[in-house]
Amino acid sequence: MKRPSTNKTAGMLFLVVLLLLSAAVPILFWSRSGQTGVALHNWDYAWDSSRGDSASAAALPDGQWEHMREGGSRPQAPGNATGAWLRFTLPADAVGDALLLGKLYGSELKVYVDQKLIYAAGENEGYNGRKVIIPLPETAASKQVYVWSSGGDKGFGLEGKARFGSYKQLLTIYVKEDLMDMVIGSAMLFIAVALLVCLLCLRQEIFAGGYWLTVVIFSYGGVLITYSSFMPILMKSHGRSIEIINDVALFVLLPAFTIFFGHNFAQGPKSLLPWFRRFQVTYSAAGLLLLVFNVISSYQLDPIYKPISTNILGVLMIVQFMYLLYLALIHAYKGSTEAFVFSAGFTVFSAMLVSEVALYFYTGGLYHLIWWKWGMVVFTLSLIAVVGRKMALNFRQTVKYSRELEQFNNELQRSEKMEIISELAASVAHEVRNPLQVTRGFLQLLGQRSGKKEKEYLQLAMEELDRASGIITDFLTFAKPGMDTVDVFDVGGELRHVTGVLMPLANLQGGSVQLKLADGLHVKGSASKFKQAFINLIKNSIESLGEEGLITVTAWKSGEYILVSVVDNGEGMKASELARLGEPYYSNKTKGTGLGLMVTFRIVEAMNGSIAFKSKKGEGTEVIVKLPASDNL
């Protein structure tokens, strides 16, 4: 479906406004998020080789403690160090019972207050850069808290921020920033599985690009789940396995996303998208292969693999998103509704992501990216909407083709039946007409020599023979509706002649006929056949009238066609009766044969026209005959 060209500017303006609003959301919430707890901007650290003995840490002179500020990177540990001590001095004027640490590294953790162990985590926890919330005694304010971390394949220590405050408030931050990753990621995986089940029940051409959409959503879910700080809690010491899952999801996501885009948006012969897609597939395949070798070699290839799976892949992702957004905006400007929906979802996602990345660098790495995942949800919904719309359009097209095929089959069956009936009608009419004429002649001779009473009977017999002859004439017209004499005639003049003939019959029924005819209406065909067709139609209307009935005959020109309408306020017909009009020998009149309407259909068809009926029981019937105008033949 094409969007109206007058809405192109409005559509582009809407995308710009959506972009600005989406970019403003993270900034707005960030500016209001710093009122929970008290930020600890400074702390001290010292290297340890005593396996977390709090007495030895407390006995260390101030000269062995190094000062560290919030947002700074972790210092490199000396070779003999087995752990790191972190010393936090809690503010005296603050009230709190918990400490929230961001990006804590190590596999073992101990926390002391007044040289008493208040929190401990075993060697299999594997923090490796995730947050941890530590409950403290209510009397911890103004005291020093010693945190010891050790082990882990990424070293130990703290990198990021620390906050002291109410456990309930800090837990809210902890859950909001990390648990939602698990929830949204799990929802993505569920949606992908549900779509896959639907795909297995549908033909591929109905759900174009559906399998690639499933791969995209599944990869999104994998990225979100492995991004969450809750995954190390669930998988304990398998921190490296989480990284592998995250890398595989990213390597699969990027080419799958490009392939999905190509499936749903047609590209010109000069498009760079096929080349870009091949490059992405090659890069992802090489990255996955290098990942396998890195795992086999016990991660000895990390110096080569890390840049490929992080820095270079990140740049490639940015280039991909910008290029696909550019293509989508072009399609949206050209009027593609699917591209407009795609662009809207992608705009929300990219704006939130860019805004959060800017905040991340502005805060020196202290900002925790939250809103990009919700942007991803919006974008995923837009992808589902695009595919769903494609599916709906394909389904409607299939239904349309099915109806057209059914109509074609019905027309074919009707034509075959009409062919058989026509041949039979012509044969019977020719064989019966001659004997009827001979019989009528003998009855006329007998009438000349008969008495008055006998003449009455003979006259009734001849009237019945004439009625039979009329039926045979209808048979012949139905069998061979071809125009005897084809000429251009005036529709208005012929309709006036027909109504003049039938007006007495209408008056006997207590009704009248009203004409509304435009001037200059001409068609090409047989005037006699035309009159015969409308005599049948108007006569049927007259027979349906009650007292004070009215028949209105209207003729006008519309484009390349002449339209004639016959409307009555008679008894009307049911929908079941209306559907059978034109069938051979169907009539809703007691003594009707159905031949009159059959003949009318055949005459209109022979004149390259069409006939349509509208009726409602108790209200009347309207017949509209559509014929080509003579100047367009």
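Strand 2 (residues 42-48) pairs with strand 3 in the antiparallel sense, over 4 bridges. This pairing belongs to a predicted model. The protein chain has 633 residues, and 43% of them count as buried. Its secondary structure comprises 16 helices and 18 strands.

**Antiparallel sheet**

- Strand 2 and strand 3 sit in an open sheet of 6 strands, ordered 3-2-4-9-6-7.
- The pairing in this sheet is antiparallel.
- Strand 3 (66-69) and strand 7 stand at the edges. Each has a single partner strand, so one side of each is left without a neighbour in the sheet.
- The twist from one strand to the next averages 25 degrees.
- Where strand 2 meets strand 3, aspartate 44 stands opposite histidine 67 of strand 3.

**Mixed sheet**

- A further open sheet holds 5 strands in the order 13-15-16-18-17, and its pairing is mixed.
- Its edges are strand 13 (511-517) and strand 17 (610-616). A single partner strand serves each of them, so each has one side without a neighbour in the sheet.
- On average, neighbouring strands here are turned by 15 degrees against each other, direction ignored.
- Strand 13 pairs with strand 15 (residues 549-558) in the parallel sense, and the pairing spans 7 bridges.
- Glycine 511 stands opposite glycine 549 in strand 15.

**Helices on the mixed sheet**

- Helix 13 (residues 491-508) packs on the sheet. The strands it touches are strand 13, strand 15 and strand 16 (561-568).
- The direction of helix 13 makes about 170 degrees with that of strand 13.
- Helix 14 (residues 527-543) packs on the sheet as well. Its contacts are with strand 15, strand 16, strand 17 and strand 18 (620-628).
- The direction of helix 14 makes about 25 degrees with that of strand 16.

**Positive phi in loops**

- Glutamine 115 is not a glycine, yet its phi is positive, at about 60 degrees.
- This glutamine 115 lies in the loop between strand 6 (108-113) and strand 7 (116-121). Strand 6 and strand 7 are both members of the antiparallel sheet.
- Serine 142 also has a positive phi, near 75 degrees, in a residue other than glycine.
- The loop that holds serine 142 runs between strand 8 (130-135) and strand 9 (144-150). Strand 9 belongs to the antiparallel sheet.
- Serine 142 has a relative accessible area of 46%. That value falls between the 20% cut-off for buried and the 50% cut-off for exposed, so serine 142 is partly exposed.

**Surface and nonpolar patch**

- The accessible surface of the protein chain comes to about 33000 Å². Carbon and sulfur atoms account for 60% of this surface.
- Leu289, Val292, Phe293 and Ile296 form a nonpolar patch on the surface. Together they have about 410 Å² of accessible area.
- Phenylalanine 293, one of the patch residues, is placed in helix 7 (residues 273-296).
- Phenylalanine 293 counts as partly exposed because its relative accessibility is 45%.

**Contacts along the chain**

- Consider contacts in the protein chain between residues at least 6 apart in sequence. Among these, 76% join residues at least 24 apart.

Terms used. Residues numbered from 1 in each chain as written. Predicted model: local features only at pLDDT ≥ 70, side-chain atom pairs only at ≥ 80, totals over all residues. Heavy atoms only, no water. Patch = residues over 30% accessible without salt bridge, like charges linked within 9 Å, V, L, I, M, F, W, Y side chains within 5 Å. Areas by Shrake-Rupley, 256 points an atom, 1.4 Å probe, with all protein chains shown as cover. Salt bridge = Lys/Arg side-chain N within 4 Å of Asp/Glu carboxyl O. Helix = DSSP H or I, 4+ residues; strand = E, 2+ residues; numbered from the N terminus. Buried < 20%, exposed > 50% of the residue type's maximum accessible area, 1.4 Å probe, protein only. Contact = heavy atoms within 4.5 Å. Pairing = 2+ DSSP bridges. Axes fitted to C-alpha atoms, helices over the stretch in contact; angles between N-to-C directions.
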